[in-house]
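I opened my notebook to look for unusual backbone spots. My plan was to check peptide bonds and phi angles.

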Amino acid sequence: MASLSLLPFSFVLFLLAASPVISTNSEGEALHALRTKLSDPTNVLQSWDPTLVNPCTWFHVTCDDRNRVIRLDLGNSNISGPLGPELGRLQHLQYLELYRNNFEGKIPEELGNLKNLISMDLYGNHLQGQIPKSFGKLKSLRFLRLNNNKLKGSIPRELASLSNLKVIDLSNNDLCGTIPIDGPFSTFPPQSFENNSRLNGPELQGLVPYDFGC
Amino acid sequence: MCSNKTGHVVKLDLRVDHDRLLPFSMSSDISPSLLALEHLNYLDLSYNDFGGRQIPKFMGSFKNLKYLNLSNANFGAWLPRLSSLKHLDMSYVNLSAAVDWVQALSMLPTSLRVLHLSGCSLNATLASLPLYSSNLTTLVTLDLEYNDFQGPIPNGLLGNMTSLKELQLGGNDLVGMIPKTMKNLHKLKVLDLGWNQISGDIAELMERLPHKIQSLYLMVNNLNGSLPTWIENMTSLSTLDLGYNSLTGSIPSGMGKLTNLSYLDLSSNQLIGMILEDYFTSLTRLEMLDLSNNSLTMGVHPNWIPPFRLKEVDLSYCKMGPHFPTWIQSQTNITFLGMSSAVIIDRLPDWFWNVISQVEYLDLSLNQISGVLPMTLEFLSTADSIILHSNQLKGRLPKLPMGLRYLDLSRNYISGPLPLYLGTIELKYLLLSNNLISGTIPSSLCDQLQSLEALDLSNNHLSGQLPECWTSGNSFRAKSDWRDVGSNLTIIHFRNNRLSGKFPLFFRGCQYLSFLDLSYNNFTGNLPIWIGTRLPNLVFLLLKSNMFSGHIPIKLSKLDHLQILDLAHNNLSGTIAPSLVNFKAMTLISPSIFNDIDYYNDFFSLFVITKGQILEYQSDKIFFILSLDLSGNSLTGEIPKQVGALAGLKNLNLSANRLTGNIPETMNGLRSLESLDLSNNELFGEIPSTLSALTFLSHLNLSYNNLSGRIPTEGQLETFDDPTIYIGNSNLCGPPTSKNCSGNQTTMSDLLEHEDGYNMSSLYFSMGLGFAVGFWVIFGTLLFKRTWRTTYFLLVDDICDRIYVFMVLKLVRLNARIKKK
């Protein structure tokens, strides 16, 4: 019986022992996997050495006091290539600042897994495809700037459920359909949506289909 | 030397012995008078310096010449034909300028037995060589090492060379698998293909080798696959070097039957499995064994007595422990012993030091070896390097062997004072960090300083002042000699001790010093002006947490290579002179990584407080960080606007001083900056909006100043939404603080939070409502009037259809019109 009663205790011990190792290394691996597909002409990713125990001394990466990645600051760095789905593994990421680069391809659905994300700045790239519906899961998100890309499709209605969203900028894309009007969308200025030639104004619930004109 | 029979000069040896003499220059050309020696059959001119001149044509006239050695003679081009030549050595003669060397190769006399052309800068594909078409059937040795030969080894290359015993092609750019015809070279004993890009399966390669091969050098290639079990039949093998390939699987136990094997190197592959005693059963001649950097486990019995007497053994990263391997006790000839990271958790046995008394290189680092070090290691009279770092060794620092050059005892439990005399005079690296060493640094250190390149005493309990080497009481060093003291030092690491006194004067002689860390000690007094002039190679200057006082000498800015200046937490006063913040290395965006520092192991590290954290940068990563930290002093005056020129700086910390004035607008010049801390000063004025251009900034602290006005919220600054970084500035307003700005300026976020946003939403709401009401007025009536519905059902249905079609058409047209716009 004594050994049985120790079971939960040892299980907790196991969790304590196992968890930090898993979290820190996997984040470094995720970032390294992202890097391998990128072109970095100005060597801003030079210090990203995957053999280190964690990525906290890599430049442009910031960790919290438990060595978990909370910021990625790569704005205006001349980087090109795809946004890897690996980014979705940075579970504790709060700031994803990749603005004004040459990122291309689709925005991976996996970014919707970044539950702690406060700010996502992907503006000024060459991103294509749709805004992932999975962004509806980014419950901590306060700033979402995807302007000046080549995004298509409609604005996912799921974004209307992001109650913390304070700033959105989707201007200068190729979005279509109508704009949600409820939740945080009731406060966004029209400038946030301008220069999307197929975007047909506010949503007219019940009369016109939401993705009308797409 | 003359022939006994004829009296003719037959042998002329003009070789320069490079051990005794500098290569002397045969200043004039070789005199044609040499031709008088018509019976010469042996001519050795190696290591002469002919100033890169052409090999004189007349040398083709020695009809009887059989042996010609021109290796390392500074000649410039190719050689005419010599019909009787048997032995030709042109190694390290630069033939790259000789355009006709391929043709000359095809005209080599058929008498040739030995051809050495290593390091001749020959550049061609191996297939283009005329060797196979020539009649070099008697060639015994072909040496083409260290050239730029490319491509695969062609099938036909070696077709006729059936006499070949030695084939040396190492150090080229050869690719692919060796040809099947290699098997026909029945006499081949030595094959050297090391340092190429030979690829493919190792078993397939070995199958293509002639049966009687004795020496096989294949290190540093791209071979994969597993060693075949039939390797046990290659009983002629005496040397097998397969290090640095990608071999997988386990080592076949039949290796133990290779009775002639004396040299076995399988290091740095991906081999797995357990090594047992029968792997060595018949290896009585084994002298060199390197299995390091694999995933192997030694599973031999504790009482095993090996059949061999090794001279060199490297089993680093093999699992040897937990007990210290007792079989080492029988290996009394060892000169090289590597057992780093071998999972040994044991006491160092008493017999150990006696057994390794002939050792030159010893590495037992990264284990958990305990025990007490002997009082002296002087009996290791041949020792060059002793590396025992990261263990649990106790005792005092032993007296050291006379010729020792490298000692690393870092990360152990060495205690007590440093010995008065270390015993060695040639020591280059003395690495004792992270121990429990106490007491003062003895003045005998000055003797060591002649040879020392790196001195790491960090994280110990040393106290007192450093010796003033050139003014010591016994006057053994005259004052004029101070230039020599420490003139080889590149690294001084005294971090975290209790050392006191003024900035040590003997550093004045350390002109090549590039790393100086005196952080966390009790040093006092001024920072001497001569730091900027006498230590011109400094890259890292870390003086944090001492009690240095006075001004920061302006001449520090002369340190062109300085990447880190950490003067934080001292008692420094005065202003930050505009000419101070002018460090050339910090102005470069991509640092010209100054790789002169030979950081000695992976634990070599420095700490930088940045982003509000203490970050440790290890080994080569130290070259990436550029940091200027003057925090925690009593600096006054303004932040010079010249600081903006430091475009490569990653970390700037001026916090906790008494700085006044504005934050300079020029700060946007700090393009690489990741962390900016100006908190706890007396700065005033607005926060310059230029800060928002710092796209890499991830940590900002401006708290506790007298800053005022609206906080800029564009660009990167918008990502700092933590109000505490602005706290303690009562006149700052706007987000992320809760205080509203009363001014007329409006920003986007104001639009969001105030009336305009509300109006917009009510407009949307009424629009939606209007449409809904209109819709239900028409369709609701139809729905609820039963008589209308039954009587005019078809009609209504038709109308509905018409309305729907009409609307769709309208909307499509509308849509098309919008598109046109």
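My entries on the backbone follow.

**Background.** I worked from a predicted model. I reminded myself of the usual pattern: most peptide bonds are trans, and most residues other than glycine have a negative phi. Then I looked up the exceptions.

**Entry 1, cis bonds.** I started with chain B. I found that the peptide bond from G321(B) to P322(B) is cis. Its omega is near 5°. I then asked where P322(B) lies. I placed P322(B) in a loop of chain B, after β21 (312-314) and before β22 (336-338).

I went on to P735(B) and P736(B). The peptide bond from P735(B) to P736(B) is cis, and I read omega near 5°. P736(B) also has its place in a loop. That loop runs between β52 (731-733) and α6 (748-753) of chain B.

**Entry 2, positive phi in chain A.** I turned to N78(A). This residue is not a glycine, yet phi is positive, at about 65°. I found N78(A) in the loop between β2 (69-73) and β3 (80-82) of chain A. Is N78(A) buried, partly exposed or exposed? I noted a relative accessibility of 43%, so N78(A) counts as partly exposed.

**Entry 3, positive phi in chain B.** I looked up V343(B) next. V343(B) is a residue other than glycine, and phi is positive, near 55°. V343(B) lies in the chain B loop between β22 and β23 (345-347). I checked accessibility here too. The relative accessible area of V343(B) is 39%, so I wrote down partly exposed.

Conventions:
Residues are numbered from 1 along each chain as its sequence is written. Chains are lettered from A and ligands numbered from 1 in the order in which they are written. This is a predicted model: local features need pLDDT of at least 70, side-chain atom pairs count only at pLDDT 80 or more; totals for chains, interfaces and linings use all residues. Side-chain values use heavy atoms; hydrogens and water are left out. Helices (H or I, at least four residues) and strands (E, at least two) are DSSP runs, numbered from the N terminus. Buried means under 20% relative accessible area, exposed over 50%, partly exposed in between (1.4 Å probe, protein chains only).
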